[in-house]
Amino acid sequence: MDTSVQYMGRTIKSPVIAGSCGKTANTDNIKRLEDAGVGAVILKSLFEEQITQEISNNVWSAQNSGEMIEAYNYIAQHTKHNQLDNYLELIRKAKQSVQIPVIASINCVSANEWLQFAQNIHQAGADGIELNMFIMPSNVNISADEVEQVYENTIQILKRAVPSLPISLKISSYSASLAKLCQKLSWLGISTLSIFNRFIEHDIDVESQTVKPINIFSNETDIYNTIRWTAILSKLVNCPLTAGGGVHKEDDVIKLLLAGANTVQVASALYQDNDFSFITKAQKRLEEWMEKNSYKHLSDFRGRLSIDKNSTVSTFYRVQYMKYYAGIE
Ligand SMILES: Cc1cc2nc3c(=O)[nH]c(=O)nc-3n(C[C@H](O)[C@H](O)[C@H](O)COP(=O)(O)O)c2cc1C
């Protein structure tokens, strides 16, 4: 039984990947994730504002001296000055500890100064970089085209800055023309398109009349949106798809492969137990299922339930069913 697959320019043994989250922020966990059987690991993200803040502090520091030093020390202390060095050290240590690909991750909203840092990520030994990009469509002065242009520019500039660093682009499902956008982005030379990033949602506490974050973790029903879009996109895009969001049951990995994903990301389910046994169980289930169905390679069944490129008819296109809704009173 061969469950190996190409991911970010490397052959990995399992299509199951540890998604970026708090569990991928230290080498002990990364080693344990490898032992549990993940094919690759995506490190916890640095946020663009962390990088730009530190870079501007460094510039400021170099330009000032004397009585300014005291003020600088205060700022440095409060801006966690070592975050970038710590991140590079995490990459180096992870690379020394495991054989699986280690992918760095940046949450960004623009093609900004953080791009300088991508070179350092490459030098530290990262096997690739995942860009988690999202621009909140709340600004009435910015059109959809302008938002999409930022995505394109960022990838193009990053590719020019560090041509040999494989890029995974992680996007959200918010777009009026998601399929068109994904197809366009997939032509920019990225190694994989990662669907979808997850948003923290907010609730309102009516007693304190305050806003509070909820639903940090996904739940089991989130998988259905991921299945739908994996099936719609996998044959439309010009690069492999990494699908994630709502993977909580072992069969979810198989479902996303059938829908056309090359690899499957898991984050919330890593918090289910202390030994990442979900990964081991999902991999075992995949192998048993392949054996039962006489599949020797992932390519024997991957995309069997995805939508053909030119098809206009698919059950995945239906979002409102008169016949189902009509009977419910
Ligand atoms: C606790 C937690 C922290 C996360 N941190 C990040 C992050 O730093 N960067 C990122 O791109 N995604 C982050 N994510 C999102 C996950 O990588 C993933 O895209 C999302 O949770 C959907 O997958 P899931 O249903 O398996 O959780 C985080 C998710 C969780 C639950």
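**Entry 1, cysteines**

I began with Cys182, which counts as buried because its relative accessibility is 0%. I keep in mind throughout these entries that the model is a predicted one.

I then asked how many disulfides the structure holds, and I found 0. Cys182 is in no disulfide, and the nearest cysteine sulfur, belonging to Cys239, lies 8.9 Å away. A disulfide requires two cysteine sulfur atoms within 2.5 Å, and the sulfur of Cys182, the nearest one to that of Cys239, is 8.9 Å away, with Cys239 likewise in no disulfide. I also looked up whether Cys239 is buried or exposed; Cys239 is buried, with a relative accessible area of 10%.

**Entry 2, the ligand and its surroundings**

I turned next to the ligand and looked up which residues surround it, noting that there are 19 of them and that Ser20, Ser45, Asn132, Ser218 and Ser268 come nearest. By class I recorded 7 nonpolar, 9 polar and 3 charged residues in the shell around the ligand. I checked where the ligand sits, and the space it takes is the largest pocket.

**Entry 3, polar atoms facing the ligand**

I went through three side chains one by one. For Ser45, I noted that an N or O atom of the side chain is 2.5 Å from a nitrogen atom of the ligand. For Asn132, a polar side-chain atom lies 2.6 Å from an oxygen atom of the ligand, and for Ser218, a polar side-chain atom lies 2.5 Å from an oxygen atom of the ligand. Finally, I noted how much of the ligand is covered: taken alone the ligand exposes 600 Å², and the protein buries 89% of that area.

Notes
Residues numbered from 1 in each chain as written. Predicted model: local features only at pLDDT ≥ 70, side-chain atom pairs only at ≥ 80, totals over all residues. Heavy atoms only, no water. Buried < 20%, exposed > 50% of the residue type's maximum accessible area, 1.4 Å probe, protein only. Near = heavy atom within 4 Å. Polar contact = N/O pair within 3.5 Å; in protein donor to acceptor, adjacent residues only side chain to side chain. Areas by Shrake-Rupley, 256 points an atom, 1.4 Å probe, with all protein chains shown as cover. 1 Å grid on protein atoms, 1.4 Å probe; cavity = no way out; pocket = protein on both sides within 12 Å on 5 of 7 lines; lining within 4 Å. Sits in = over half its atoms within 2 Å of the grid points. Nonpolar A, V, L, I, M, F, W, Y, C, P; charged D, E, K, R; others polar.
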